[in-house]
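Here are some worked exercises to try with the model open beside you. Have a go at each task before reading its solution.

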Amino acid sequence: MKQAYVVLASLVTFVIPNAVALGVWFLAGDLDPIIRSLGSILVWIVAFGLSTQLFWRLVQGFFRRDTQ
Amino acid sequence: MNLPAVAGVGLLAGVLSYVSARYLSTKFVKMGITGNDIHKPGKPVTAEMGGLSVLFAFLTCSVVIMLASGYTISPLVAGVATITGAGVVGMADDFTNMRQRYKPFLIGAAAIPLIAVLWGPSSIEMPLIGALPVGYIFPLAVVPLAVAISANFTNMLAGFNGLEAGSAVIALAALTLLAALRSSYPATIIGFILVCGYLGFLVLNWYPAKIFPGDTGTLMAGAGIATIAILAGLEFAAIVVSIPAGIDFTLKMVAKRPFGGRRVFGDTTVGEDGHLSAPAYPALVHAFMRVGPLTERGLVLSVLGMQAFYSALAVTITLFLR
């Protein structure tokens, strides 16, 4: 079923923001806890926005390849 | 409260929701509270604002629980008030078609009872990290933003028979299960009543729908997801179950015409064979339509499959990745 590809592609919007935010959290170990938390949350939001664009490109790429 | 009593209240919620939705599905058509089912040939007229039946069942059963518990559980009262407030905003939107920009503020205001009951410095529980301390930002910003964002997410991923109520049932069931495992009584009760209410409504909302949920039903579902998450400390699980709606919302937000894609490019069209064709703007349902031919029923089952996948992921992460 081709629609399963959309679910698979959507995993980029789950994996990328969490991986990036987790990285920021551990890298910012010396900062004030509240600033560290808010920074990680903001980074997560930006990464989620960018990864939805990647998701859309993946779906478009699959659509083009399938119709050629 | 014992298990048979809770099961009885859940059954009551399902029956009340079904019976009132059945009544409203004919009453609202006579009253002219209708919408066109645009994804079917002939675009039949269908009753709108069916979420009112879920709101009615939810409020009735919540009052029964509150009476049984002697109004002593203030988080339960605050959660019920917040979800009801979101439902009332949805009703106002169904009647007046209010502008998109006003809704987040009004739903954020509906979260005031939750803010009051959770007042104080707090943190957000995250897997692998533990507690993310956010201090007073939690009641002041996290709570109203979570309710407003979640309600708007569920309001955007909508428009197909059974999609809104089906997604609500799956997402709310996952969070209710986790809340029960955490022994969070108010969150479990709220979630259970909502799941049963939306299940009763889904019988009439499933393809071919006799009634649509309207903004009353969609905003309440999102507010319910946020409320359960906040009351039971399941913020990360709520984020995971909201990924499908979040993707849809973000795709529409970052497009050249945020929220205006439908106005510019038109609606999804349906062919004589019942297959849907997506207009040229990004949205989650359009992604499903683009990768292969789909009928409305097939599309809804695909999105519900995705919702089930992320709900299962949320449960797995919460239980095993602490």
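**Exercise 1. Locate B:L128 and describe its backbone.**

Solution. Start with the place: B:L128 sits in the loop between β3 (122–126) and β4 (130–135) of chain B. Strands here are DSSP runs (E, at least two residues) and helices likewise (H or I, at least four), numbered from the N terminus. Next, read the backbone: phi of B:L128 is near 70°, a positive value in a residue other than glycine.

Before going on, a note on the ground rules: this is a predicted model, in which local features need pLDDT of at least 70 and side-chain atom pairs count only at pLDDT 80 or more, while totals for chains, interfaces and linings use all residues. Residues are numbered from 1 along each chain as its sequence is written, chains are lettered from A and ligands numbered from 1 in the order in which they are written, and side-chain values use heavy atoms, with hydrogens and water left out.

**Exercise 2. Inspect the loops on either side of α8 in chain B, at B:S183 and B:P208.**

Solution. B:S183 is in the loop between α7 and α8, and its phi is near 60°, again positive in a residue other than glycine. B:P208 belongs to the loop between α8 (185–205) and α9. The peptide bond joining B:Y207 and B:P208 is cis, with omega about -10°. As background, most residues other than glycine have a negative phi, and most peptide bonds are trans.

**Exercise 3. Describe how α7(B) packs with α9(B).**

Solution. First take the geometry: α7 (residues 163–181) and α9 (residues 214–232) of chain B pack at about 10°, with axes 10 Å apart. Axes are lines fitted to C-alpha atoms, for helices over the stretch in contact, and angles run from 0 to 180 degrees between N-to-C directions. The angle therefore makes α7(B) roughly parallel to α9(B) (under 35 degrees; over 145 is roughly antiparallel, 65 to 115 roughly perpendicular and the rest oblique).

Then look at the residues in contact (heavy atoms within 4.5 Å). Those from α7(B) include B:A168 and B:L172, and those from α9(B) include B:A221 and B:I225. By class, this contact has nine nonpolar, three polar and one charged residues. Ala, Val, Leu, Ile, Met, Phe, Trp, Tyr, Cys and Pro count as nonpolar, Asp, Glu, Lys and Arg as charged, and the others, Gly among them, as polar.

**Exercise 4. Do the same for α2(B) and α9(B).**

Solution. Helix α2 (residues 51–69) of chain B and α9(B) pack at about 50°, with axes 6 Å apart, so α2(B) is oblique to α9(B). B:G51, B:L52, B:V54, B:L55 and B:F58 of α2(B) meet B:T216, B:G217 and B:M220 of α9(B). The classes are five nonpolar, three polar and no charged residues.

**Exercise 5. Characterise the interface between chain A and chain B.**

Solution. Count first: 31 residues of chain A are in contact with 35 of chain B. The buried area is about 2,700 Å², with 81% from carbon and sulfur atoms (accessible area, 1.4 Å probe, that two parts lose on being put together, summed over both). In chain A, A:Q3, A:F14 and A:W56 lose the most area to chain B, together 23% of what that side buries.
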